[in-house]
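Let's take a walk through this fold, starting with one pair of helices and working out to the whole chain. Keep the viewer open as you read.

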Amino acid sequence: MAASRSLPTGFGELEVLAVGTVLLVEALVGLSLNSLTILSFCKNPELRTPSHLLVLSLALADSGISLNALVAATSSLLRHWPYGSEGCRAHGFQGFATALASICSSAAIAWGRYYHHCTRSRLAWNTAISLVLFVWLSSAFWASLPLLGWGRYDYEPLGTCCTLDYSRGDRNFISFLFTMAFFNFVLPLFITLTSYWLMEQKLGKTGHPQVNTTLPARTLLLCWGPYALLYLYAAVMDVTSISPKLQMVPALIAKMVPTINAVTYALGSELVHRGTWQCLSPQRSERDRAQ
């Protein structure tokens, strides 16, 4: 995995610059919104609840995705990967772990909302903490397997960022892909769809749910689905038949997740919005409390 300063095959100077610019915008917007979300949890005591702990876990995961995109953006603007093969594996691990944590955190939030709205019971702290620990330990476990030889990390087609290597399509990749995808994409998606469907069935008789029951599942499908389709295609067909430019599209779509999640789960909440406003206008929030 030797880094090269020449332009990668299939990309021109302007195209590399365009990808780097898109990644930079996605990284800065996602990092800014999720940082505000995290700060609002620290600022507003009303948000320190078990249910909001799951949203905080999602914000932390999405911040990690944005940081990963920021590294990829700077490398793209430099026109080469400057961190060597070990840096590539570290970048791949960090990006994969936070992506899995984001997907599984979304499923945990869906289950938590179902539990709250359909059982009329508050989520307990020990349950929320257990969910968060499970999400992060599970994500770290699956992301570490390519470092141990089941799967591997390598450069994306652009050569300025790293991810799970799907270019070989050998038995090692296929066995890891299908096992990992079942536990970290199919199962979380099933939990998300089922939880919100049960909420609609339960609350549809008395009124509309207080949360959007369709957007979270759509976000998982539309933002992570292209990656899943690319990996599936690589497992059964020769992925080199897809142009390098087209292979980069799923990565650019996936990096939109932090921004979408921040708007969907955090900034759309009145409590989080209030906490964010307190972070941006601390003097005004102190006056409001004094009144």
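To talk about how two helices cross, we need axes: each one is a line fitted to C-alpha atoms over the stretch in contact, and the angle between two of them, taken between N-to-C directions, can run from 0 to 180 degrees. Bear in mind that what you're looking at is a predicted model.

Now find helix α3, residues 84-119, and helix α5, residues 171-203. Their axes come within 9 Å of each other and cross at roughly 25°. Angles under 35 degrees count as roughly parallel, so that's the label α3 and α5 get. The crossing also has a hand, and for α3 and α5 it's left-handed. What kinds of residues make up this contact? Sort them and you get 18 nonpolar, 5 polar and 2 charged.

In soluble globular proteins, nonpolar side chains tend to be buried together. With that in mind, turn to the largest nonpolar core here, which has 41 residues. Which of its members touch the most others? That would be F96, F173 and W224. Several helices chip in with two or more residues each: α1 (13-43), α2 (50-78), α3, α4 (125-148), α5, α6 and α7 (244-254). The largest share comes from α6, which supplies 8 residues.

Zoom in on F96 for a moment. Leaving aside residues up to four places away in sequence, F96 touches W142, A143, Y153, L164, F176 and M180. There's also a second core, separate from the big one, with 17 residues; A110, V132, M199 and Y265 are among them.

Back to α6, which spans residues 215-236 and is where you'll find A228. Is A228 buried, partly exposed or exposed? Its relative accessibility is 29%, and buried means under 20% while exposed means over 50%, so A228 counts as partly exposed. If you'd like a distance to check in your viewer, try A228 to L177: they're 51 residues apart along the chain, and their C-alpha atoms are separated by 9.4 Å.

Finally, zoom out. The chain has 10 helices and 2 strands, and read along the sequence they follow the pattern α-α-α-α-β-β-α-α-α-α-α-α. Of the 291 residues, 47% are buried. And how do the contacts spread along the sequence? Taking those between residues at least 6 apart, 77% join residues at least 24 apart.

Note on methods
Residues are numbered from 1 along each chain as its sequence is written. This is a predicted model: local features need pLDDT of at least 70, side-chain atom pairs count only at pLDDT 80 or more; totals for chains, interfaces and linings use all residues. Side-chain values use heavy atoms; hydrogens and water are left out. Helices (H or I, at least four residues) and strands (E, at least two) are DSSP runs, numbered from the N terminus. Angles under 35 degrees count as roughly parallel, over 145 as roughly antiparallel, 65 to 115 as roughly perpendicular and the rest as oblique. A crossing is left-handed if the near helix is turned anticlockwise from the far one by less than a right angle, and right-handed if clockwise. Ala, Val, Leu, Ile, Met, Phe, Trp, Tyr, Cys and Pro count as nonpolar, Asp, Glu, Lys and Arg as charged, and the others, Gly among them, as polar. Buried means under 20% relative accessible area, exposed over 50%, partly exposed in between (1.4 Å probe, protein chains only). A nonpolar core is a set of buried Ala, Val, Leu, Ile, Met, Phe, Trp, Tyr and Cys residues joined through side-chain atoms within 4.5 Å. Contact means heavy atoms within 4.5 Å.
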